[in-house]
Each structure stands twice: as structure tokens, then as C-alpha cells.
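Colleague: Before I set anything up with this model, could you take me through it in questions and answers?

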Amino acid sequence: MDLFPLLLSLQVATVATLLNLLLGTLIAWALARWSLPGQSLLETLITLPTVLPPTVLGYYLLVLLGSQGAVGRWLQGTLGIRLVFTWYGAVVAATVSAFPLFVGPAHAALQGVDRRLEDAARTLGRSEWAIFFTITLPLAGRGILAGAVLAFARAMGDFGATLMVAGNIPGRTQTMALAIYDAVQAGNYAAADLMVLIMTLSSALPLWLARRLSRVAQTP
């Protein structure tokens, strides 16, 4: 079995999970602590990737990030960065696809933090960022970690959005999910069986871990 698709999938899923941790935690914190203008619309947009067909999500990303898209044109013209049909595009697709699975548990965990502890820290003169990093984040840590595990599993197996944005280029953008499709199309069921087993384990183990973390986080 060619190891490139497995290594690329791990690379894409890891970077996508880190991006979700960074951006998703801040957004989940803002949603849990403040009433934002247009919050219902924002929550709808965050949840949308879970119900959109992956190819539709991928098409939106392709239009946005392509050479004629607003973001893609600016990135390529200003920074010289091209996302479409590169592994960076696969990272963007996986990040967006996995985003709702991270924000959901993270939002619930942050919302469950006792605000009296944060208020007590404010009376002692602690800044909001200091309160976030020393009180809020540690108390919500297990829920956030559970969301990160789910996001990793989702990013690891993304197919439709990745295919639309990054393509299926062997040795460049072909992830495990795409390699399985190619193997089945070519009638190479031995390789497909092995890759399916690896992907099943890589999805089942994170799900098991996320459930364990969620149970511990809910324990008084």
C-alpha cells in the first residue's frame, strides 16, 4: 500500500484540528459569554457544513478560494499563495467540514464553566484574557479536547469537499478517502480493504476517546 495518502491524511487532519482549536475555541468562547449581533445567523453558518452535501460545501469553497474568487484572487495576487489543487486546500476543506463538530462540544464546555469563578477573578483585577487562560480554559479543557478529537476524526475522513477543492492528484493531494475510491474503481479490493480498516480504526478510536472525555467532563 502506498503510504502517501495515509501520511497526507494525518498531516491534513492535524493541521485542520489545530486551526479548529485556535479559531473554534475563540468563537465558542464568544458565543458562550456574549450576545453577539446576528448570533443566530452566525450559529446557523457554523452548523451548516453538517447538513450541506459535501460537494456543495466544496463548491462554495472552490468559488471562494479559486483564482477568480475574492479570497483566492487576493491570496494569490498579494501573498502568492494558491490553495486550490494543493494540500493547503485540503486543509481548508477539512477545517470547514470539521468545524461544527469542534465548536459544539467546545461551546457546551465553555458555557458550563461556573461564571462565579470568573467574576471572583475579576474582583481581584485579573484581565479577561488572564481569566480565560487560567480559569475558563482549564475548566472547559476536557470538553474542548473532546471536540478536537471529533474534529480530527472528521478531517481525517473528509471526501467530497476535499475532492472539490484539492482534487485527487496521486502523490500531491490524494488523501486516504480519495485513495480508497480510486482503489475500488480500479478493482483493487485488497488495497481498499486495508485502507478501509485503517480509516475505520482512525475514526472509531477518536469517537471512543471523545465519549470518554465527555463523560469525565460531565462528572461532578
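Modeller: Gladly, and one definition comes before the rest: a contact here means heavy atoms within 4.5 Å. Please keep in mind throughout that this is a predicted model.

Colleague: Among contacts between residues at least 6 apart in sequence, what percentage join residues at least 24 apart?

Modeller: The set in question leaves aside pairs under the separation of 6 and then asks which of the remaining contacts in the protein chain reach across at least 24 positions. For this protein chain, that share comes to 72%.

Colleague: How many helices and how many strands does the secondary structure of the protein chain come to?

Modeller: Read along the sequence, the pattern is α-α-α-α-α-α-α-α-α-α-α, and the C-alpha trace spans about 65 × 40 × 25 Å along its principal axes. The count for the protein chain is accordingly 11 helices and zero strands.

Colleague: What share of the exposed area of the protein chain do carbon and sulfur atoms supply?

Modeller: Of the 220 residues in the protein chain, 41% count as buried. The area that the protein chain exposes is about 11900 Å², and the part of it supplied by carbon and sulfur atoms is 67%.

Colleague: How far apart do the centres of the positive and negative side chains lie?

Modeller: The protein chain carries 13 positive and 9 negative side chains, and each of these two sets has its own centre. The distance between those two centres is 4 Å.

Colleague: How is the aromatic pair of Trp29 and Trp34 classed?

Modeller: The structure holds eight aromatic pairs. In the one formed by Trp29 and Trp34, the rings are 5.3 Å apart centre to centre, with 65 degrees between the planes. Because planes over 60 degrees apart fall in that class, the pair of Trp29 and Trp34 is edge-to-face.

Colleague: Is Trp29 buried or exposed, and why does the pair of Trp29 and Phe132 tie together parts that are far apart in sequence, by how many residues?

Modeller: Trp29 has a relative accessible area of 8% and is therefore buried, while Phe132, at 3%, is buried as well. Their ring centres are 4.2 Å apart and their planes stand at 35 degrees, so the pair is tilted. Because Trp29 lies in helix α1 (residues 4-33) and Phe132 in helix α7 (residues 128-139), the parts that the pair ties together are separated in sequence by 103 residues.

Colleague: Which residues form one aromatic cluster with Trp29?

Modeller: Trp34, which at 42% relative accessibility counts as partly exposed, belongs to this cluster, as does the buried Phe132. Alongside Trp29, the full list of members is Trp34, Trp129, Phe132 and Phe133.

Colleague: What value of phi does Phe85 have?

Modeller: Most residues other than glycine have a negative phi. Phe85 is found in the loop between α4 (70-79) and α5 (87-111), and its relative accessibility of 34% makes it partly exposed. Although Phe85 is not a glycine, its phi is positive, at about 60 degrees.

Colleague: Which residues does Gly66 touch, not counting residues up to four places away in sequence?

Modeller: Gly66 lies in the loop between α3 (54-65) and α4, where, with a relative accessible area of 10%, Gly66 is buried. Once residues up to four places away in sequence are left out, Gly66 touches Leu61, Gly72, Arg73 and Val84.

Note on methods
Residues are numbered from 1 along each chain as its sequence is written. This is a predicted model: local features need pLDDT of at least 70, side-chain atom pairs count only at pLDDT 80 or more; totals for chains, interfaces and linings use all residues. Side-chain values use heavy atoms; hydrogens and water are left out. Helices (H or I, at least four residues) and strands (E, at least two) are DSSP runs, numbered from the N terminus. Buried means under 20% relative accessible area, exposed over 50%, partly exposed in between (1.4 Å probe, protein chains only). Accessible areas come from the Shrake-Rupley method with a 1.4 Å probe; for residues, only the protein chains shown count as cover. Lys and Arg count as positive and Asp and Glu as negative; His and the chain ends are not counted. The place of a charge is taken as NZ of Lys, CZ of Arg, CG of Asp or CD of Glu. Rings of Phe, Tyr and Trp (its six-membered ring) pair if their centres lie within 6.5 Å; planes under 30 degrees apart count as stacked, over 60 as edge-to-face and the rest as tilted.
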